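Open the model in your viewer and set it to show chains in separate colours. The stops below say what to select and what is there.

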Protein chains: 2
Amino acid sequence: MAVRRFGEMIKVKDLEAYKKWHANPMPGVNEMIRECHLRNYTIYSRGEYLFATYEYDGEDFEADMAKMAADPNTQAWWDVVKPLMQPLEDRKEGEFWSGMEEVYHLE
Amino acid sequence: MAVRRFGEMIKVKDLEAYKKWHANPMPGVNEMIRECHLRNYTIYSRGEYLFATYEYDGEDFEADMAKMAADPNTQAWWDVVKPLMQPLEDRKEGEFWSGMEEVYHLE
């Protein structure tokens, strides 16, 4: 199956706390991300913005994301990190991070 | 040698023109990028922002970037695409695209 690439952006409210948590994520968080077939996952910051990029190489993205959302470790993590972020004002309904459009790619 | 990852952001002034050019870059541009050991190069857009991410797996980043900057095909390309972008107001001296800080990575 072809790898899918994702780019997303959001604002950060407390960058220092965000960096501190992400330097050492809570137990099970990284393991669940990989179990759900996300890889090469990187988050960058600049000013008030965060940018995330990752690849998905599984077979059923929606099912894997539902699995992640149902994971107690992931839920505990989100309870801590989501309040550190501020979704974009013009986000689409249901978005937390806002999806971006890929305009160029070179392997 | 370890792969280096980069994330950068900038504003776009004319997204439609930017997308059109990047859907089919000028001859030699992609070839020079790869010759200079950049890979997995992706540019995303959302609203007025562009985000670029790429990896470098060569031996001398500065030398490769100088080689790219001296390439006539690349110069012709930059002459066309740079005017479509607007560097961030708070960029560092000498920056066109602004570098971002990596705050999280999972292979």
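How many salt bridges does the structure hold over all chains? The count is 16. Keep in mind throughout that this is a predicted model.

**Stop 1: Arg5 and Glu107 in chain A**

Select Arg5(A) and Glu107(A), whose side chains form a salt bridge with N and O 3.6 Å apart. Arg5(A) belongs to strand E1 of chain A and Glu107(A) to the segment after E6 of chain A, so this pair ties together parts 102 residues apart in sequence. Arg5(A) has 26% relative accessibility and counts as partly exposed.

**Stop 2: the counterpart in chain B**

Now select Arg5(B) and Glu107(B), which also meet in a salt bridge, at 3.6 Å from N to O. Here strand E1 of chain B holds Arg5(B) and the segment after E6 of chain B holds Glu107(B), so parts 102 residues apart in sequence are tied together. Arg5(B) is partly exposed at 27% relative accessibility, while Glu107(B) is exposed at 52%. Back in chain A, add Glu102(A) to the selection: salt bridges with shared partners join Arg5(A), Glu102(A) and Glu107(A) into one network.

**Stop 3: strand E3 of chain A**

Select residues 49–56 of chain A, which make up strand E3. Are the residues of this strand buried or exposed? 8 of its 8 residues are buried. Tyr49(A), Phe51(A), Thr53(A) and Glu55(A) point one way from the strand, and Leu50(A), Ala52(A), Tyr54(A) and Tyr56(A) point the other way.

Add strand E1 (residues 4–12) of chain A, which pairs with E3(A) in the antiparallel sense over 8 bridges. Arg5(A), from the first stop, has Glu55(A) as its bridge partner in E3(A). Then add strand E2 (residues 38–46) of chain A, also antiparallel to E3(A), with 7 bridges. In this pairing Ile43(A) stands opposite Ala52(A). The hairpin of E2(A) and E3(A) has 2 residues between the strands, and Gly47(A) in this hairpin takes a positive phi near 55°.

**Stop 4: Arg46 and Asp90 across the chains**

Select Arg46(A), which lies in strand E2 of chain A. Arg46(A) counts as buried because its relative accessibility is 14%, under the 20% cut-off. Its contacts include Met9(B), Leu88(B), Asp90(B) and Arg91(B). With Asp90(B), Arg46(A) forms a salt bridge of 3.1 Å, N to O.

Next select Asp90(A) and Arg46(B), a salt bridge whose closest N and O atoms are 3.1 Å apart. Asp90(A) sits in the loop between strands E4 (85–86) and E5 (98–99) of chain A, and Arg46(B) in strand E2 of chain B, so the pair joins two chains. Asp90(A) is exposed at 52% relative accessible area, whereas Arg46(B) is buried at 14%.

**Stop 5: the whole interface**

Show both chains together. Chain B gives 37 residues to the contact and chain A gives 37. About 3600 Å² is buried between them, 56% of it from carbon and sulfur atoms. On the chain B side, Tyr44(B), Arg46(B) and Tyr104(B) lose the most area, together 25% of what that side buries. Between the chains there are 4 salt bridges and 25 residue pairs in polar contact. E2(B) supplies the largest share of the chain B side, 8 residues. By class, that side has 16 nonpolar, 10 polar and 11 charged residues.

Finish with strand E6 (residues 101–106) of chain A, which runs antiparallel to E2(B) and is joined to it by 5 bridges. Here His105(A) stands opposite Thr42(B).

Definitions and conventions
Residues are numbered from 1 along each chain as its sequence is written. Chains are lettered from A and ligands numbered from 1 in the order in which they are written. This is a predicted model: local features need pLDDT of at least 70, side-chain atom pairs count only at pLDDT 80 or more; totals for chains, interfaces and linings use all residues. Side-chain values use heavy atoms; hydrogens and water are left out. Contact means heavy atoms within 4.5 Å. Buried area is the accessible area (1.4 Å probe) that two parts lose on being put together, summed over both. A polar contact is a pair of N or O atoms within 3.5 Å; within protein, one must be able to donate a hydrogen and the other to accept it, and residues adjacent in sequence count only if both atoms are side-chain atoms. Helices (H or I, at least four residues) and strands (E, at least two) are DSSP runs, numbered from the N terminus. Ala, Val, Leu, Ile, Met, Phe, Trp, Tyr, Cys and Pro count as nonpolar, Asp, Glu, Lys and Arg as charged, and the others, Gly among them, as polar. Two strands pair if DSSP finds at least two bridges between them. Buried means under 20% relative accessible area, exposed over 50%, partly exposed in between (1.4 Å probe, protein chains only). Lists of a residue's contacts leave out its neighbours within four places in sequence.
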